[in-house]
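Open the model in your viewer and keep the selection tool at hand. This tour goes stop by stop.

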Amino acid sequence: MKLNEYRKKRQFGVTPEPRGAGDAQKKRNGSLIYAIQKHMASHLHYDLRLEWRGVLLSWAIPKGPSLDPAVKRLAMQTEDHPIEYSHFEGVIPAGQYGAGTVMLWDRGTWQPESADVDASLREGETKFTLQGKKLQGSWVLVRTPGFGKNPSRSTWLLIKHRDEYASTKDVTEEEPRSVVSRRLLADIARDEGGDIERASQGDPAGQGRNATSAKAVSGRVARRRRPS
Ligand code: MN
């Protein structure tokens with residue numbers, strides 16, 4: 001049920017994105033999945049995904065996460081995605097919804113800090129701990145009032161809490177590569193038939209399509225770029 005909007009927007013014969021196995025997978029044992037995809041679509045953004053009740057709750061963050069507790073990052077809630085999406089890295093073909101290059105930028109697990117997650121989401125303030133490769137520690141998503149009436153398109157702010165993982169380090173700038181393949185966006189586009197020039201605009205300046213180091217790295221790991 002919750003994946004209807006996700007599926008309606010996509011042509012699964014054309015896009016390599018997963019359709020998702022069930023309507024909403026049964027609760028698995030163990031940890032909840034956390035992932036962030038860096039997505040060079042019509043605009044560059046980072047898609048935060050948190051597994052909850054068999055789907056990935058999703059927020060599009062134009063500037064990406066900041067480790068600095070003084071910085072609030074706009075996060076627009078988007079349609080729920082299937083659990084399988086947490087493995088997706090590749091190219092969404094031109095003309096398809098979200099056309100462009102997708103990088104799996106970070107992945108791990110998360111834990112709610114709120115006793116009642118559903119209530120915290122409803123009330124618009126949900127605290128959680130991330131255990132990723134790039135993002136860790138305590139974070140909060142706070143819904144902001146006054147940006148439209150559609151609850152599935154609500155606007156939130158992603159903020160780092162003060163803890164040992166808080167930092168003024170620019171994590172998106174300093175860690176621009178895929179957490180699974182070490183590729184840059186331009187490498188992914190090159191390997192999978194995407195628009196290299198366009199994808200490279202999402203990579204840090206000087207590390208784009210001409211970076212030989214990126215090529216060397218992508219060559220080494222190219223065979224395991226599609227997990228599962
Ligand atoms: Mn996206």
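Start by selecting Arg53. Is Arg53 buried or exposed? Arg53 is exposed, because only 12 or fewer neighbours are allowed for that class and Arg53 has 12 other C-beta atoms within 10 Å. Arg53 sits in the loop between β2 (44-52) and β3 (55-61). Check its backbone: phi of Arg53 is near 55°, a positive value in a residue other than glycine. Most residues other than glycine have a negative phi. Keep in mind that this is a predicted model.

Next, select Arg182. Phi is positive here too, near 65° for Arg182, which is again a residue other than glycine. Arg182 lies in the loop between α3 (171-174) and α4 (185-191). Arg182 counts as partly exposed, because 14 other C-beta atoms lie within 10 Å.

Now zoom out to the whole chain. How many helices and strands are there in the chain? There are six helices and nine strands. The chain has 228 residues, and buried residues make up 36% of them. Turn to the contacts between residues at least 6 apart in sequence: 58% of these join residues at least 24 apart.

Go inside. The largest nonpolar core has 38 residues. Select Leu48, Ala75, Leu158 and Leu185, the residues with the most contacts inside this core. Then colour the elements that each supply at least two core residues: β1 (32-40), β2, β3, β5 (90-92), β6 (100-112), β8 (136-143), β9 (155-160) and α4.

Stay on Leu158 and show its surroundings. Which residues does Leu158 touch, not counting those up to four places away in sequence? Leu158 touches Leu48, Ile61, Pro65, Arg73, Ala75, Trp139 and Leu141. Two of the names, Leu48 and Ala75, come from the group with the most contacts inside the core.

Follow the strands next. Display β3 beside β4 (residues 72-82): the two pair in the antiparallel sense over five bridges. On this pairing, select Ser58, which stands opposite Thr78 in β4. Move on to β9. β4 and β9 also pair in the antiparallel sense, over five bridges. Select Ala75 and look across to β9, where its bridge partner is Trp156. While the strands are on screen, look at side-chain directions. In a regular strand the side chains alternate between the two faces of the sheet.

Jump to Asn4, in helix α1 (residues 4-8). Asn4 counts as exposed because it has 11 C-beta neighbours inside 10 Å. Add His81 to the selection. Asn4 and His81 are 77 residues apart along the chain, yet their C-alpha atoms are separated by 9.6 Å.

Make a similar selection at Ala205, in the loop between α5 (196-200) and α6 (212-221). Ala205 counts as exposed because it has 8 C-beta neighbours inside 10 Å. Add Glu173, which is 32 residues from Ala205 along the chain. Their C-alpha atoms are separated by 9.5 Å.

Finish by colouring on pLDDT. The mean for the chain is 88, and 83% of its residues reach 70 or more. Where does the pLDDT fall below 50? Select residues 209-228: the pLDDT is below 50 over this stretch. Beyond near neighbours in sequence, the stretch has 24 contacts in the model. Where pLDDT is low, the predicted coordinates should not be read in detail.

Terms used: Residues are numbered from 1 along each chain as its sequence is written. This is a predicted model: local features need pLDDT of at least 70, side-chain atom pairs count only at pLDDT 80 or more; totals for chains, interfaces and linings use all residues. Helices (H or I, at least four residues) and strands (E, at least two) are DSSP runs, numbered from the N terminus. A residue is buried if 20 or more other C-beta atoms lie within 10 Å of its own, exposed if 12 or fewer, and partly exposed in between; C-beta atoms are placed from the backbone. Two residues are in contact if their C-beta atoms, placed from the backbone, lie within 7 Å. A nonpolar core is a set of buried Ala, Val, Leu, Ile, Met, Phe, Trp, Tyr and Cys residues joined through C-beta atoms within 7 Å. pLDDT is the predictor's confidence in each residue, from 0 to 100. Two strands pair if DSSP finds at least two bridges between them.
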